[in-house]
Amino acid sequence: MDVFGVCNQEDFSSRRCILVNGPVIIGAGPSGLAVGACLREQGVPFVMLERADCIASLWQKRTYDRLKLHLPKQFCQLPKLPFPEEYPEYPTKKQFIDYLESYAKHFDIKPNFNECVQSAKYDETFELWRVKTVSTTGAVHSEVEYACRWLVVATGENAECSVPDIEGLDAFNGKVMHASEYKSGEVFRGKRVLVVGCGNSGMELSLDLCNHKAVPSVVCRSSVHVLPMEVFRKSTFELAVFLMKWLPLWLVDKLLLILAWLILGNIEKYGLKRPAMGPFELKNAKGKTPVLDIGALSKIKSGDIKVVPGIKRFSCDSVELINGKKLEIDSVVLATGYRSNVPSWLQESEFFNENGFPKTPFPNGWKGKGGLYAVGFTRRGLSGASSDAARIAQDIGEVWKYETKHKKQTIPRHRRCISTC
C-alpha cells in the first residue's frame with residue numbers, strides 16, 4: 001500500500017488510520033477495475049477496497065451457470081485491454097471472469113479484500129474523505145479508517161439484491177430464492193417454478209428451467225420490450241449503435257420495433273405487452289433494459305413457459321394472481337434485480353440521490369464536489385462504466401501531475417490523520 005510513510009504493509013493491520021497517497025476506490029468489480037487501470041496509466045497510486053474475497057464478486061458468486069454476455073465483446077471490454085481475439089463474440093461467464101482476472105493482473109491491481117465500508121464522509125476542516133471499514137479475514141477482525149483526497153464510488157448499480165415485499169410470501173412453504181442464488185435448473189427438475197420478473201434474467205432463468213424439464217411460469221407485471229438477439233446475423237445492439245450515428249433515437253426505435261415484429265411476430269398475444277416508449281428511449285429515460293431474446297420466446301409460444309400477470313398474494317402452496325386465478329407452485333425464483341447500496345454508507349446528499357444514483361444524468365454524472373467520483377451508475381453497462389473511468393482518471397491525473405511537477409505534496413500542510421473513536 002502506498003501511504004505517506006505512515007506505515008507499511010506489514011504493520012497495516014495494527015493501524016487504525018491510514019493516509020492514502022491518491023484516491024480510494026470502493027468496489028473491485030468491472031467499474032472499479034476500469035478506474036484502477038486508467039489511474040495506473042496516469043501514474044496515480046490508489047487503494048481499492050472490496051468487501052468480498054475476490055474481484056467481480058457479482059459475476060463470480062451471484063450469477064447462474066449458463067450466463068453469457070448479451071452484447072458483443074467489443075461493447076463489454078474494459079479500457080486499455082481488449083478481450084483475447086480467440087474469445088467468441090458473446091463470451092461465457094467463465095471467459096469474462098478470466099478476462100477480469102487477467103485485467104487485474106495486467107495492471108497490477110491488488111484490492112484489499114474482505115474490507116467492508118461502514119461509512120464515508122467528507123471532512124471539510126481537513127479537506128479529505130474519511131472512509132471507515134471493518135475488515136474480517138479469518139479470525140482477525142479489525143477496524144480501519146482511511147483518509148484520502150479523492151473518493152471513487154465504484155460499487156455500482158447492482159450492489160444489493162432487490163427483494164419485493166409481496167403479501168404472503170413468508171407463508172409460502174416451498175423454496176424461495178433470489179436470482180443471485182440460482183445456479184442451474186437441474187435442482188428444479190419436475191418442479192412448478194414461478195419466476196418473478198420478466199427482464200433478461202427472468203427470461204433466461206425461465207428458459208434454463210424449461211431446458212432442465214421444470215415447469216416455469218414467468219410473471220410479467222408490467223410492459224416489456226423483447227428484441228431479437230441478432231438481426232441478419234448481426235447483434236441488435238450493434239445495429240442500434242450504428243443507426244444512432246445517423247438517425248434520431250425515436251426513428252431507430254421504430255425501425256427496431258418493425259424488425260422485432262417481422263422476426264418475433266406479435267408478442268402481445270402471449271401476455272407480453274410492449275411499452276408505449278421505444279426500447280432505447282426507455283432505456284435512456286428510466287434505465288429499463290430491453291430483453292434480448294435467446295430462446296425463451298419460442299418456449300413461450302409453444303406453451304412450455306407460461307406468462308402470467310402480476311401477483312396479488314401467496315399462500316402456503318400457491319399464488320393468487322391479479323386476474324383472480326390461482327396457480328399451484330413448488331418454488332419461487334425472484335428475478336427482481338438489484339439496487340445501489342450507496343445511501344447506506346456514504347454520508348452525502350448533494351451528489352447522490354436517495355436511490356444511490358448520481359443526481360446528474362449521463363454523461364455528466366461522474367464527478368461531484370470535494371474529490372467525489374462515481375463510476376458504474378450510468379445504466380449503460382460496461383461501456384458506460386469504461387467511459388466514466390477514463391474521465392475520472394484523467395481528471396485526477398491532471399491534478400496529480402501538476403502538483404508532482406511543482407513538487408507539492410498531495411496532502412495540504414494542515415492535513416493529518418485523526419481517529420474519531
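Two strands pair if DSSP finds at least two bridges between them. Helices (H or I, at least four residues) and strands (E, at least two) are DSSP runs, numbered from the N terminus.

This is a predicted model: local features need pLDDT of at least 70, side-chain atom pairs count only at pLDDT 80 or more, and totals for chains, interfaces and linings use all residues. Residues are numbered from 1 along each chain as its sequence is written, and side-chain values use heavy atoms, with hydrogens and water left out.

**Exercise 1. Describe the open sheet that has mixed pairing.**

Step 1. Read the order. The four strands run 1-6-5-4.
Step 2. Find the edges. Strand 1 and strand 4 (115-123) each pair on one side only.
Step 3. Check the twist. Neighbouring strands are turned by 20° against each other on average, direction ignored.
Step 4. Look at one pair. Strand 5 (residues 128-137) and strand 6 (residues 140-148) run antiparallel, joined by nine bridges. Within strand 6, Glu-143 is the bridge partner of Val-134.
Step 5. Visit strand 1 (residues 17-19), where Ile-18 lies. Ile-18 has a relative accessible area of 0%, so it is buried (under 20% relative accessible area; exposed is over 50%, partly exposed in between; 1.4 Å probe, protein chains only).

**Exercise 2. Describe the open sheet that has parallel pairing, and place two helices on it.**

Step 1. The order of its four strands is 3-2-7-22.
Step 2. Strand 3 (47-49) and strand 22 (372-374) are the edge strands.
Step 3. From one strand to the next, the twist averages 20°.
Step 4. Three bridges link strand 2 (residues 24-26) with strand 7 (residues 151-153) in the parallel sense. Val-24 has Leu-151 as its bridge partner in strand 7.
Step 5. Add the helices. Helix 1 (residues 30-42) lies across strands 2, 3 and 7, at about 160° to strand 2. Helix 9 (residues 381-405) lies across strands 7 and 22, at about 160° to strand 22. Axes are lines fitted to C-alpha atoms, for helices over the stretch in contact, and angles run from 0 to 180 degrees between N-to-C directions.

**Exercise 3. Is His-212 buried or exposed, and what does His-212 touch?**

Step 1. Locate it. His-212 sits in the loop between helix 4 (200-211) and strand 11 (215-219).
Step 2. Classify it. His-212 counts as buried because its relative accessibility is 18%.
Step 3. List its contacts (heavy atoms within 4.5 Å). Not counting residues up to four places away in sequence, His-212 touches Ser-184, Gly-185, Glu-186 and Arg-189.
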